[in-house]
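Got the model open in your viewer? Let's take a walk through it, one selection at a time.

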Amino acid sequence: MFNLLSWRCVVAPWKRGILQRAAAADVCQRSRKNASSIEYLHQSAVPTMHYQKSLPRLPVPKLEDTIRRYLAAQSPLLEGDQFRSTEKVSQEFLNGVGSQLNKELVAQDLKNKHTSYISGPWFDMYLSARDPVVLNFNPFMTFTPDPNAEYNDQLVRATNMVCSAVRFTKTLRAGLLEPEVFHLNPAKSDTDHFKKFIRWVPSSLSWYGAYMMNAYPLDMSQYFRLFNSTRIPRSGKDELFTDERGRHVLVIRNGNMYVFDVVDRDGSMVRPAEIQAHLKYILADPTPVPRFPLGFLTTENRDVWADLREKLRAAGNAENLKMIDCALFCLCLDEENLKDHIHTSHNMLHGNGYNRWFDKSFSIILSKDGQAAINFEHSWGDGVAVLRFQNEVFKDTTKHPVVHPGPTAATDVDSASAVSRLQFNLDAELENGIQTAKEKFESAVSRLTIHAMEFKKGGKERLKKNKLSPDAMVQLAFQMGFLRQYGQTVATYESCSTAAFKHGRTETVRPATVHTKKCSHAFVCQPRQHSVEQLKALLHQCSSYHGQLTKEAAMGQGFDRHLFALRYLAGSEGRALPHLYTDPAYAAINHNILSTSTLTSPAVNLGGFAPVVPDGFGIGYGIHDDWIGCNVSSYPSRNAHEFLECVYKSLDDIYSVLE
């Protein structure tokens, strides 16, 4: 990637000078830390965007590698003649139109060194989609309950989360948020000594300095869409809107919308006692659910919603819509107590429809009993930025809460003046539109089933002791489970972040492989026909190959995004789609019946999303030290409960072999 000897020659002459300046700057750093500590989560020695300029660019894979990987992923899904036909089409693409398209893509990429080749097409894909964002795109992640149970009171937790979110915003925008770095050797790179050194390395070289210490800075360009941002519906293609001048938060309760400032005119956070008083005022407001709650509109088809939004503006609601769009974020205060994981998942994924504004970049949702979650709009960014935000908010609210249980201190706050309830002018056409949206939403969510499972016989520690990849084994269990339930191997999607590159998004890992197919058949279709050693060998083959696929994807060497970008390029110039993209096998591998994603963190208790196709499963899972959790959604054509029983049996079989 670069010449280490050259790098050392560059660094050596001025390294001593850097360390001397760093020592002098420590005095300034300490004085800054003493000032306004309530305003920030922390004050990083390394500026937030220090590594951004020198991040490596997402590589455009070699086309021959992409076709080889594509055919390897098709192999377990296609039988004899089908595979041979797809192989022929793929080779024709490689040797013909695909080669020309790839040259154009590489040339285009070289002209746009400020970004990645996938960034523009990926934004377009999301923003051009006309399906409602709820169920089709927005996922959720629940917070782990506060370990101090009394802090899970709805008002207390809401106040602490709002204050921590504001502190995160201020820390980020002041450049004081610790940069996101993946440390392979934290003992060397995640140290005060290294940070004091690296902050004086020029931004254009800083990534290389981290790389030398086995640390990999991640792209942070998405973070600035977290706040004051909304996806605006437009006819044909939506728009991402951000206005950092907004100092208020949007609160929704009983379908009513309220706003109040959480940052004052000087840029300081409003006193926590005032924020608590305002939220208490909202929770006590007796205003009933509106007859026509506007939140339902964000659950509509995007073109329908775009048309209704223009009518809303024309009816005199432009200022209120602007207040929603530029709010720091949305806080949803729900009236329900949540009974169990399934109830929680339904509530945090879609809720009742009217107590949400699904277009906001993210919403913090708090139930009556203090259970909390983030539901986020997906076009602007991926799980990496949202998870970092969730981790920081959880840590701050549990370790440094700013308000506490018990009677609230008397304040001279005039919440009636500080809090505004947004009131909208609606005509018959708009009321009709809201009613129709409500009916469509309720019909859609009534078809969604969610089930959860906890496997308590082992987790990642036992798998690692057996030198097996935990993720590979859980993905294998999904393959075995589907084979046990439906007798086949189907297209499977696992999301993998490419945030190690400038403006990276995600790449797809394809967990259904020739190895998982062979192993699944040995366990499910040929019981007691293999020795324990043979089964262990099959498990290790699956683990090794899955690890290879994951590494390739993380390094931008999958095939999905490359083929997507080539198709986008062909389509954008009005050319006929190459035969590869009209081949039924291409449509089939992108009809992801098993759509899977994992985010494991002490701050996350549960996560999930709806299936991406009508006959699919949406599988959120977490692999913990000694247990494995799955949260699975489906529509009527699939049985999520039965699938999880089959996955449980599959995990049981895997762990039994390891005994």
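Which residue follows H13, and what is the sign of its phi? Select glycine 351: this is the residue that comes after H13, and its phi is positive, near 60 degrees. One thing to keep in mind as we go: this is a predicted model.

**Stop 1: helix H13**

While you're there, select residues 341–349, which make up helix H13. The helix is mostly covered, with seven of its nine residues buried. Color these to see which ones: His343, Thr344, Ser345, His346, Asn347, Met348 and Leu349. Now go to the other end and show the side chain of aspartate 340, which caps the N-terminal end of H13. One of the side-chain oxygens of aspartate 340 sits 3.2 Å from the backbone nitrogen of isoleucine 342.

**Stop 2: histidine 378**

Next, select His378, where UniProt, in an unreviewed entry, places the feature "active site". That annotation may be inferred rather than shown by experiment. Histidine 378 is in the loop that runs between strand E10 (372–376) and helix H14 (383–399). Is histidine 378 buried or exposed? Its relative accessible area is 16%, so histidine 378 is buried, as the cut-off for buried is under 20%.

Show what surrounds it. Leaving out residues up to four places away in sequence, histidine 378 touches Tyr126, Phe137, Asn138, Pro139 and Arg505. For a polar partner, turn on the backbone of glycine 381: its oxygen lies 2.9 Å from a polar atom of the histidine 378 side chain.

**Stop 3: helix H5**

Tyr126, one of the residues touched by histidine 378, is a good way into helix H5 (residues 119–128). Tyr126 is buried there, along with Ser119, Pro121, Trp122, Asp124 and Leu127. What do the buried residues of H5 pack against? Select strand E4 (229–232), strand E5 (239–242), strand E14 (506–509) and helix H21 (560–572), and you have the answer.

**Stop 4: the largest cavity**

Arg505 is also touched by histidine 378, and it leads to our next selection. A search of the whole structure turns up six cavities of 30 Å³ or more. The largest cavity holds about 70 Å³ of space. To outline it, select Asp219, Gln222, Tyr223, Asp382, Val384, Ala385, Ser497, Ala499, Gly504 and Arg505. By class, this lining is a mix of four nonpolar, three polar and three charged residues.

**Stop 5: two positive phi values**

Now select histidine 503, in the loop between strand E13 (492–497) and E14. Its phi is near 55 degrees, a positive value in a residue other than glycine. Most residues other than glycine have a negative phi.

Where else can you find a residue other than glycine with a phi near 55 degrees? Jump to asparagine 254, in the loop between strand E6 (248–253) and strand E7 (256–261). Asparagine 254 counts as buried, at 16% relative accessibility.

**Stop 6: glutamine 390**

Head back to helix H14 and select glutamine 390. At 0% relative accessibility, this residue counts as buried. Beyond residues up to four places away in sequence, glutamine 390 touches Met141, Thr142, Phe143, Ile374, Ala603 and Val604.

**Stop 7: serine 44**

Serine 44 is in the loop between helix H1 (4–34) and helix H2 (63–74). It is buried, with a relative accessible area of 5%. Show its side chain and look for two partners. The backbone oxygen of valine 46 is reached at 2.6 Å by the serine 44 side chain. The side chain of glutamate 178 joins that of serine 44 in a polar contact of 3.5 Å.

**Stop 8: valine 474 and proline 584**

Select valine 474 in helix H18 (residues 470–486). It counts as buried, at 1% relative accessibility. Not counting residues up to four places away in sequence, valine 474 touches Tyr621, Ile623 and Ile628. Draw a distance from its C-alpha to that of aspartate 625, 151 residues apart along the chain, and you should get 13 Å.

Last selection: proline 584 in helix H23 (residues 584–589). Is proline 584 buried or exposed? Proline 584 counts as exposed, with 62% relative accessibility. Finish with one more distance: the C-alpha atoms of proline 584 and aspartate 264 are 58 Å apart, with these positions 320 residues apart along the chain.

Methods
Residues numbered from 1 in each chain as written. Predicted model: local features only at pLDDT ≥ 70, side-chain atom pairs only at ≥ 80, totals over all residues. Heavy atoms only, no water. Helix = DSSP H or I, 4+ residues; strand = E, 2+ residues; numbered from the N terminus. Buried < 20%, exposed > 50% of the residue type's maximum accessible area, 1.4 Å probe, protein only. Contact = heavy atoms within 4.5 Å. Polar contact = N/O pair within 3.5 Å; in protein donor to acceptor, adjacent residues only side chain to side chain. 1 Å grid on protein atoms, 1.4 Å probe; cavity = no way out; pocket = protein on both sides within 12 Å on 5 of 7 lines; lining within 4 Å. Points joined across faces, edges and corners; volume = space filled by probe spheres on them. Nonpolar A, V, L, I, M, F, W, Y, C, P; charged D, E, K, R; others polar.
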